[in-house]
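Here's a quick tour of the model on your screen, from the overall fold down to single residues. Keep the viewer open as you read.

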Amino acid sequence: MNDEHFLRRAIALALMAREHGCDPFGAVLVRDGTILYEGYDHCVEMSDPTYHAELSVISNYCRSERVFSLHGCTLYCSAEPCPMCIGAIHWSRISRVVFSVSQQMLHEWSGGTLKPSHAQIAEFGFLRTEFVGPLLPEEGLKAFDGLPKVSKIERHAQRFGVTTPPAP
């Protein structure tokens with residue numbers, strides 16, 4: 001099994017997330033060619049702005065297996081992790097991250113705020129995570145084809161019929 005195989009699984013999870021009304025982001029945690037855990041974004045569905053695919057995979061796997069370090073693991077992500085997820089990747093000591101769609105590509109698609117790339121924030125501490133990507137970006141971008149460009153806050157308000165305070 002190679003990086004493309006597991007990355008395609010992360011992209012498939014992103015497409016599954018979209019089919020379930022969630023944001024199209026998927027992640028797969030792998031060690032020695034074996035999938036340890038996988039999941040997708042549940043932010044809107046769970047009313048939790050931190051329930052990104054990467055963070056949910058890290059948190060759920062570590063809790064279920066009672067492990068604290070994921071050194072030696074590779075995390076495959078349908079998109080380049082955001083700053084919050086990069087922090088979780090660092091603190092959980094994941095060795096490698098392979099992603100499909102870059103933050104720059106997401107920005108070009110959405111027109112939203114450009115988030116920092118991994119290269120801008122991941123270089124701290126004594127353990128360095130290797131980042132590989134964008135890899136298979138055309139396949140990863142398919143998860144966004146035709147998706148309405150509506151913020152998570154607005155989608156959450158629509159889904160649950162709640163009023164959201166205006167952004168500052």
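What percentage of the 168 residues of the protein count as buried? The answer is 43%, and keep in mind throughout that this is a predicted model.

**The big picture**

Start with the parts list: the protein has 8 helices and 5 strands. Walk along the sequence and they come in the order α-β-β-α-α-β-α-β-α-α-β-α-α. The C-alpha trace spans about 45 × 35 × 30 Å along its principal axes. For 168 residues, a compact globule would be expected to have a radius of gyration near 15 Å, and the protein, at 15 Å, agrees with that.

How do the contacts run along the chain? Take the contacts between residues at least 6 apart in sequence: 61% of these join residues at least 24 apart.

On the outside, the accessible surface comes to about 8,900 Å², and carbon and sulfur atoms account for 57% of that. As for charge, there are 15 positive and 19 negative side chains, with the centres of the two sets 4 Å apart.

**Inside the protein**

Which residues touch the most other members of the largest nonpolar core? They are L29, I58, L70, L75, I94 and V97, in a core of 28 residues. Several elements feed into this core: strand 1 (26-31), helix 3 (53-65), strand 3 (74-79), helix 4 (83-91) and strand 4 (96-101) each give at least two residues. Helix 3 supplies the largest share, with 6 residues. Another core, of 14 residues, lies apart from this one, and its members include I11, L13, V98 and L136. In soluble globular proteins, nonpolar side chains tend to be buried together.

L75 is a good residue to click on. This leucine sits in strand 3 and counts as buried because its relative accessibility is 0%, with the cut-off for buried at under 20%. Setting aside neighbours within four places in sequence, L75 is in contact with A27, V28, L29, E54, V57, I58, I89, I94, R96, V97 and V98. One of those partners, L29, is 46 residues away in sequence, yet the two C-alpha atoms are 4.6 Å apart in space.

I58 can be read in a similar way. Leaving out residues up to four places away in sequence, I58 touches L70, L75, A88, I89, S92 and I94. Two of these partners, A88 and I89, belong to helix 4, where the buried residues include C85, I86, G87 and H90 as well.

**Partly exposed residues**

Some other residues have more to do with solvent-accessible area. Here are four that count as partly exposed, with their relative accessibility.

| Residue | Relative accessibility |
|---|---|
| E65 | 47% |
| S47 | 43% |
| R93 | 32% |
| R155 | 24% |

E65 is part of helix 3. Its C-alpha is 9.9 Å from that of L36, with the two positions 29 residues apart in sequence numbering.

R155 belongs to helix 8 (residues 152-160). Which residues is R155 in contact with, leaving aside neighbours within four places in sequence? The partners are D23, V44 and V150. V44 lies 111 residues from R155 in sequence and 7.1 Å from R155 in space, C-alpha to C-alpha.

**Backbone spots to check**

Where do residues other than glycine take a positive phi? S47 is one of them, with phi near 55°. S47 is placed in the loop between helix 2 (43-46) and helix 3. R93 is another, with phi near 65°. R93 is in the loop between helix 4 and strand 4, just after helix 4.

Which two residues does a cis peptide bond join? G133 and P134, with omega about 5°. P134 is located in the loop between strand 5 (130-132) and helix 7 (137-141).

Key: Residues are numbered from 1 along each chain as its sequence is written. This is a predicted model: local features need pLDDT of at least 70, side-chain atom pairs count only at pLDDT 80 or more; totals for chains, interfaces and linings use all residues. Side-chain values use heavy atoms; hydrogens and water are left out. Helices (H or I, at least four residues) and strands (E, at least two) are DSSP runs, numbered from the N terminus. The radius of gyration is taken over C-alpha atoms; the globule rule is 2.2 Å times the number of residues to the power 0.38. Buried means under 20% relative accessible area, exposed over 50%, partly exposed in between (1.4 Å probe, protein chains only). Contact means heavy atoms within 4.5 Å. Accessible areas come from the Shrake-Rupley method with a 1.4 Å probe; for residues, only the protein chains shown count as cover. Lys and Arg count as positive and Asp and Glu as negative; His and the chain ends are not counted. The place of a charge is taken as NZ of Lys, CZ of Arg, CG of Asp or CD of Glu. A nonpolar core is a set of buried Ala, Val, Leu, Ile, Met, Phe, Trp, Tyr and Cys residues joined through side-chain atoms within 4.5 Å.
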